[in-house]
Amino acid sequence: MWLGICFRQIWAKVVISALNWRWLLAFTAVPCFLLLPFFGITPESPRYLCAQNRMSDATLVLERISKTNQAALPPGILTYNRGIEVDQSAPTCEIDHLLPVREKECTDDNAMSSKSGSLAALRSLLSRNLRRSTLLLWFVFYANSFAYYGLVLLTSQLSDANRSCASGLRYVKSEQDASLYKDTFITSFAEIPGLLVSAVLVEWLGRKATMWCLMFTCCGFLGPLVFHQSEIWITGLLFGARACAMGSFTVLCLYAPEVYPTSVRSTGVGIATAIGRIGGIVCPLVAVGMLRSCHQMEAIIVFEAVLCLAAIACMLFPVETKGRDMN
């Protein structure tokens, strides 16, 4: 991912200088078509195959997985009992859902149609057992996407805003500014240390602590940007902030699937990710709109507030999934 982001900065300078941004979008979409053949050879979910009564295919997928991981499958025959339902109203805590896979058979939580099953999964996400985790995840995904994509935009907007606001002139677009591509290219490399740091901390501190530590550190890097800084300081501070944002987002994507049981995992993570994309849509109003209006201090304070609230939300997660088996 980070390699593609770094390459995109070089490609942007070449294409936009020679053509325009529309050609850049067209060229960057080409690699997506190269992925299409791989979808045909990607193994299907065993649970989905069980739901379609394709037990032999599900067994083959599980055997392939066990062989790849050099682990033996549990003894017995794979069954799929549609008559068993999980009582979501039972007085159990969220930790009870995080049981080892071997303690349960591959069962269907509801014998409904696809549409009814999706509604049932949504109700399960907002049930008493999972409501707290679900609502907190929705906000943290929103805040993390808001911060990450906002930092990407700040890289190109802060220097231009400082120049235009200091001179008293209206914001002037400067696509040909070579420093724009250089600063964006440098800050893109921040994702490498961000991934490395998160990989170390997540097994040392746990999922929750790693997320809120990285978010508070991100706030620390953004703090000095409340005031006008030189270009080199802006690039350095945004480098650190983007590394922390990338690290926290990576751990969040690891934590979310571990919270939910198999029956609602894909629905839960999918909805949370979609809500996160809303944050990416809203952030230009702050990162671009406020800066072009010479409201740098207010824009940075908004990012700081969102990140602080997200860090507090991470502290309030009811479950720490480090070392636990997934259901």
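A residue is described here as buried when its relative accessible area is under 20%, as exposed when that area is over 50%, and as partly exposed in between. The structure is a predicted model, and under these cut-offs Tyr142, at 25% relative accessibility, counts as partly exposed.

Tyr142 shares helix H7 with Phe146, the two residues lying 4 residues apart, or about one turn of the helix. In contrast to the partly exposed Tyr142, Phe146 has a relative accessible area of 3% and is therefore buried. Together with Phe303, Tyr142 and Phe146 make up one aromatic cluster.

Aromatic pairs were then examined across the whole structure, where a search finds 6 of them. One of these is formed by Phe141 and Phe249, whose rings meet edge-to-face, with 6.3 Å from centre to centre and 80° between the planes. Because Phe141 belongs to helix H7 (residues 131-167) and Phe249 to helix H11 (residues 231-259), the pair ties together parts that are 108 residues apart in sequence. The rings of Tyr142 and Phe146 also form a pair, which is classed as stacked because their planes are at 20°, with the ring centres 6.3 Å apart; planes under 30 degrees apart count as stacked. As for the cover around the edge-to-face pair, Phe141 counts as buried, since its relative accessibility is 2%, and Phe249, with a relative accessible area of 18%, is likewise buried.

A nonpolar patch is found on the surface, where Phe33, Leu35, Leu36, Phe38, Phe39 and Ile41 together present about 730 Å² of accessible area. Helix H3, which spans residues 36-41, supplies the largest share of this patch, with 4 residues. Phe33, also a member of the patch, lies instead in helix H2, which covers residues 21-34. The side chain of this patch member is assigned to the exposed class because the relative accessible area of Phe33 is 59%, and the cut-off for that class is over 50%.

A further buried position is found in helix H5 (residues 55-68), which contains Ser66. The relative accessible area of Ser66 is 14%, and the residue is therefore counted as buried. When residues up to four places away in sequence are left out of account, Ser66 touches Ala71 and Leu73.

Definitions and conventions:
Residues are numbered from 1 along each chain as its sequence is written. This is a predicted model: local features need pLDDT of at least 70, side-chain atom pairs count only at pLDDT 80 or more; totals for chains, interfaces and linings use all residues. Side-chain values use heavy atoms; hydrogens and water are left out. Patches are made of residues with over 30% relative accessible area and no salt bridge: like charges are joined within 9 Å, nonpolar side chains (Val, Leu, Ile, Met, Phe, Trp, Tyr) within 5 Å. Accessible areas come from the Shrake-Rupley method with a 1.4 Å probe; for residues, only the protein chains shown count as cover. A salt bridge is a side-chain nitrogen of Lys or Arg within 4 Å of a carboxyl oxygen of Asp or Glu. Buried means under 20% relative accessible area, exposed over 50%, partly exposed in between (1.4 Å probe, protein chains only). Rings of Phe, Tyr and Trp (its six-membered ring) pair if their centres lie within 6.5 Å; planes under 30 degrees apart count as stacked, over 60 as edge-to-face and the rest as tilted. Contact means heavy atoms within 4.5 Å.
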